[in-house]
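Grab a pencil and open the structure in your favourite viewer. Try each exercise yourself before you read its solution.

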Amino acid sequence: MKTLIACYSYSGHTLKVAEALKIKINADLTNIKSEKDDWYPFRLWKALREKKVPIKPCQTDLMNYDGLVLCSPVWGGKTPPAINKYLSELTNVKGKHFGVFVTSGGKRSQKATIQMREYLDSQGMQFLGQMRLLAKDVDDEKYGEIFDLFAKKFID
Ligand SMILES: Cc1cc2nc3c(=O)[nH]c(=O)nc-3n(C[C@H](O)[C@H](O)[C@H](O)COP(=O)(O)O)c2cc1C
């Protein structure tokens with residue numbers, strides 16, 4: 001299975017795990033970056049209102065892939081605006097597999113995962129799995145069994 005890992009990460013936690021996953025499942029990794037960084041309250045405000053912001057060019061076409069793992073931090077319980085924009089730019093997704101992965105500061109915040117799942121489901125993609133890690137566990141590189149179980153779903 002050829003998988004694209006698409007990752008937005010503001011302070012590096014999500015990217016650190018996405019890079020480990022890339023090696024583990026032998027996937028390609030594309031970095032989602034916003035054109036400019038907003039001041040913290042604006043970032044939060046836009047996430048809460050499910051806004052989009054312009055992103056730099058990255059891989060959005062799944063034509064040459066069997067699946068997608070979308071990786072995101074949780075902002076205000078939701079997905080960052082750059083992820084919302086990335087989702088809207090995805091093409092050739094129908095029938096492909098997907099997984100979602102989030103990092104967060106706390107244990108609540110499932111809405112971000114639900115947002116990504118619902119959107120990708122609505123585009124005709126097939127859900128394979130989801131994973132959430134706490135930022136402090138990422139700092140300590142404590143990915144646990146959940147990382148191996150999640151990765152396994154994307155290995156033939
Ligand atoms: C604007 C903003 C909003 C956040 N909101 C939440 C939140 O609602 N719930 C939570 O658990 N963590 C929240 N966090 C913490 C991040 O989700 C967490 O630190 C994450 O691992 C950061 O990932 P990154 O280093 O890849 O950017 C927020 C962080 C930022 C910058």
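What follows is a set of worked exercises on this predicted model.

**Exercise 1. Work out the strand order of the sheet and which strands sit at its edges.**

Step 1. Start with β1, residues 3-8, and look for its partners. Five bridges join β1 to β2 (residues 28-32), and the two run parallel. A handy landmark for this pairing is A6, whose bridge partner in β2 is T30.

Step 2. Now find the other neighbour of β1. That is β3, residues 67-73, again parallel and joined by five bridges. Here T3 has G67 as its bridge partner.

Step 3. Keep walking outwards. β3 pairs with β4 (residues 97-104) in the parallel sense over seven bridges. You can check the register with V69, which stands opposite G99, and with S72, which stands opposite V102.

Step 4. One more pairing to go: β4 and β5 are parallel too, with eight bridges. F98 stands opposite F127 in β5.

Step 5. Put it together. The five strands make an open sheet with parallel pairing, in the order β2-β1-β3-β4-β5. The edge strands are β2 and β5 (126-134), each pairing on one side only. On average, neighbouring strands in this sheet are turned by 15 degrees against each other, ignoring direction.

**Exercise 2. Find the helices that pack on the sheet, then give the handedness of two β-α-β units.**

Step 1. Look at α3, residues 81-89. This helix packs on the sheet and touches β1, β2 and β3. The direction of α3 makes about 160 degrees with that of β3.

Step 2. Do likewise for α4, residues 111-122. Its contacts on the sheet are with β3, β4 and β5, and its direction makes about 165 degrees with that of β4.

Step 3. Trace the connection from β3 through α3 to β4: these elements make a right-handed β-α-β unit.

Step 4. Go back to the pairing of β1 with β2, which run parallel. The chain gets from β1 to β2 through α1 (residues 13-25), and this crossover is right-handed.

**Exercise 3. Decide how well covered β1 and β4 are.**

Step 1. Sort the side chains of β1 by direction. T3, I5 and C7 point one way, while L4, A6 and Y8 point the other way. That fits the general pattern, since side chains alternate between the two faces of the sheet in a regular strand.

Step 2. Check burial. Both sets of β1 side chains belong to buried residues, giving six of six for a strand that is mostly covered.

Step 3. Compare with β4. Seven of its eight residues are buried, so the rest of the structure largely encloses this strand.

**Exercise 4. Explain why C7 and C58 are not in disulfides.**

Step 1. Recall the chemistry: a disulfide is a covalent bond between the sulfur atoms of two cysteines. The cut-off to use here is 2.5 Å between the sulfurs.

Step 2. Take C7. The closest cysteine sulfur belongs to C71 and lies 4.9 Å away, so it's too far for a bond. C7 is buried, by the way, at a relative accessible area of 0%.

Step 3. Take C58. Its closest cysteine sulfur is in C7, but at 11 Å that's too far for a bond. C58 is partly exposed, at 22% relative accessible area.

Step 4. The tally for the structure is zero disulfides.

**Exercise 5. Pick out salt bridges that link parts of the chain distant in sequence.**

Step 1. Get the total: the count is eight salt bridges.

Step 2. Try D148 and K24, whose side chains meet at 3.0 Å, N to O. D148 lies in α6 (residues 144-152) and K24 in α1, so this salt bridge ties together parts 124 residues apart in sequence. D148 is partly exposed at 37%, and K24 is partly exposed at 42%.

Step 3. Try E50 and K78, with their closest N and O atoms 3.0 Å apart. E50 is in the loop between α2 (40-48) and β3, K78 is in the loop between β3 and α3, and they're 28 residues apart. E50 is partly exposed at 39% relative accessibility, whereas K78 is buried at 17%.

Step 4. Contrast these with K136 and D137, a salt bridge with its closest N and O atoms 3.8 Å apart. K136 is exposed, at 55%.

Step 5. Finish with a network: salt bridges link K36, D38 and K46.

Terms used
Residues numbered from 1 in each chain as written. Predicted model: local features only at pLDDT ≥ 70, side-chain atom pairs only at ≥ 80, totals over all residues. Heavy atoms only, no water. Buried < 20%, exposed > 50% of the residue type's maximum accessible area, 1.4 Å probe, protein only. Helix = DSSP H or I, 4+ residues; strand = E, 2+ residues; numbered from the N terminus. Pairing = 2+ DSSP bridges. Right-handed = clockwise from strand over helix to strand, strands pointing away. Axes fitted to C-alpha atoms, helices over the stretch in contact; angles between N-to-C directions. Contact = heavy atoms within 4.5 Å. Salt bridge = Lys/Arg side-chain N within 4 Å of Asp/Glu carboxyl O.
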